[in-house]
Amino acid sequence: VDVQIVSAFKERALLIPAYLAPVGSKQARVRVLGTFIGSEERVVHLGLRDDSNVEVLSGLEPGDRVLIRNGPR
């Protein structure tokens, strides 16, 4: 049996993979592809979380390209 209980729902939430943010943390550091060259580190403030994703409350904008590694280590 597979059961899914929805305790909160937000439309148009900005999400990053959950493995980029330590469990229980309210913020994380992510690398974002730069506008012209390279990348920069940013602190993002986090909101709701599930097994796969974490909501980003601030620190990123839609269209920002977060550099990720291939899954959790």
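## Salt bridges in this model

A salt bridge here is a side-chain nitrogen of Lys or Arg within 4 Å of a carboxyl oxygen of Asp or Glu. Let's put that to use on this predicted model, where the rule gives a count of three salt bridges.

## A network around Arg42

Arg42 and Asp64 pair through their side chains, with an N to O distance of 2.7 Å. Because Arg42 lies in strand 3 and Asp64 in the loop between strand 4 (53-58) and strand 5 (66-67), this pair ties together parts that are 22 residues apart in sequence. Arg42 also meets the side chain of Glu40 in a salt bridge, again with 2.7 Å from N to O. Through shared partners, Glu40, Arg42 and Asp64 become one network.

How open are these residues to the surroundings? Arg42 has a relative accessible area of 22% and is partly exposed. Asp64, at 28%, counts as partly exposed, and so does Glu40, at 37%.

## A link between strands 2 and 3

Glu41 forms a salt bridge with Arg29, at 3.5 Å from N to O. Here the partners come from distant parts of the chain, twelve residues apart: Arg29 sits in strand 2 (residues 27-33) and Glu41 in strand 3 (residues 39-49). Arg29 is exposed, with 57% relative accessible area, while Glu41 is partly exposed at 46%.

## A nonpolar patch

Now for some uncharged side chains: Val1, Val3 and Ile5 make up a nonpolar surface patch, and together they have about 440 Å² of accessible area. Ile5 belongs to the segment before strand 1 (15-17). With a relative accessibility of 73%, Ile5 counts as exposed, since the cut-off for that class is over 50%.

Technical notes. Residues numbered from 1 in each chain as written. Predicted model: local features only at pLDDT ≥ 70, side-chain atom pairs only at ≥ 80, totals over all residues. Heavy atoms only, no water. Patch = residues over 30% accessible without salt bridge, like charges linked within 9 Å, V, L, I, M, F, W, Y side chains within 5 Å. Areas by Shrake-Rupley, 256 points an atom, 1.4 Å probe, with all protein chains shown as cover. Helix = DSSP H or I, 4+ residues; strand = E, 2+ residues; numbered from the N terminus. Buried < 20%, exposed > 50% of the residue type's maximum accessible area, 1.4 Å probe, protein only.
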